[in-house]
Amino acid sequence: MKKLSLYCMAGLLLPVLYLNPIFLKTETSALTAPVLTNGSILRETNLPAKDTPDFSLTYVELEETEQWILDEILSDYVSEDVVELQEKGIAYTIGDWVERDTHTCLFFNKELPDGTVYTAAGYAKTTEGSYVYFELSSPERITEQQVDLEITKTFGNTGASNIQSC
């Protein structure tokens, strides 16, 4: 029975992941990301530009709340990004996987012809208790503290931040 439930959940999750856009549009004055529910776009969420114009933050609301499923979603997003980078012949490095009470993220760098783009991709818990997938990018190296600060500013969840690096 558990296998059947797992297969059904995986079957329902796959179309949602493939319909979910990998690269989200961002603007310099406002950050925009489509919000998905059951694989369909409901509305666009606009975030005002932060005090630090170096950061580009995009996010997509998720319906899942189970940590292992959220970990899989994060891994799938990063894997799809890595496959695209490999197909284009772009060098990349994958850094630390960091878990906090309020969010989990994976650091990776893309060595583009215009320069390196530093990215922290992950999922964060909002004040409403839902989760979002986010990508925080910058032309300058991103620290764990900067990610913590941006996630707290954007999603307002200030739970304890215990470091559990893998």
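**Contacts of His103 and aromatic pairing**

In this predicted model, a polar contact of 2.9 Å joins the side chain of His103 to the side chain of Thr102. The side chain of His103 also makes a polar contact with the side chain of Asp148, at 3.0 Å. His103 lies in strand E5, which comprises residues 103-112. The relative accessibility of His103 is 3%, and because buried residues are those under 20%, His103 is counted as buried.

When residues up to four places away in sequence are not counted, His103 touches Val98, Tyr123, Ala124, Phe134, Val147, Asp148 and Ile151. Asp148 thus appears in this list and also as a partner in a polar contact with the side chain of His103.

Aromatic pairing was examined next. The distance of the centres and the angle of the planes serve to describe a pair of aromatic rings. Three aromatic pairs are found in the structure. In one of them, the ring centres of Tyr77 and Tyr133 are 3.7 Å apart and the planes stand at 10°, so this pair is classed as stacked. Distant parts of the chain are linked by this pair, since Tyr77 belongs to helix H2 (residues 67-88) and Tyr133 to strand E7 (residues 131-138), with their positions 56 residues apart. Both Tyr77 and Tyr133 are buried.

Another aromatic pair is formed by Tyr123 and Tyr131, with an edge-to-face arrangement, a centre-to-centre distance of 6.1 Å and an angle of 65° between the planes. Tyr123 and Tyr131 are both buried. Tyr123 is also among the residues touched by His103.

Key. Residues are numbered from 1 along each chain as its sequence is written. This is a predicted model: local features need pLDDT of at least 70, side-chain atom pairs count only at pLDDT 80 or more; totals for chains, interfaces and linings use all residues. Side-chain values use heavy atoms; hydrogens and water are left out. Helices (H or I, at least four residues) and strands (E, at least two) are DSSP runs, numbered from the N terminus. Buried means under 20% relative accessible area, exposed over 50%, partly exposed in between (1.4 Å probe, protein chains only). A polar contact is a pair of N or O atoms within 3.5 Å; within protein, one must be able to donate a hydrogen and the other to accept it, and residues adjacent in sequence count only if both atoms are side-chain atoms. Contact means heavy atoms within 4.5 Å. Rings of Phe, Tyr and Trp (its six-membered ring) pair if their centres lie within 6.5 Å; planes under 30 degrees apart count as stacked, over 60 as edge-to-face and the rest as tilted.
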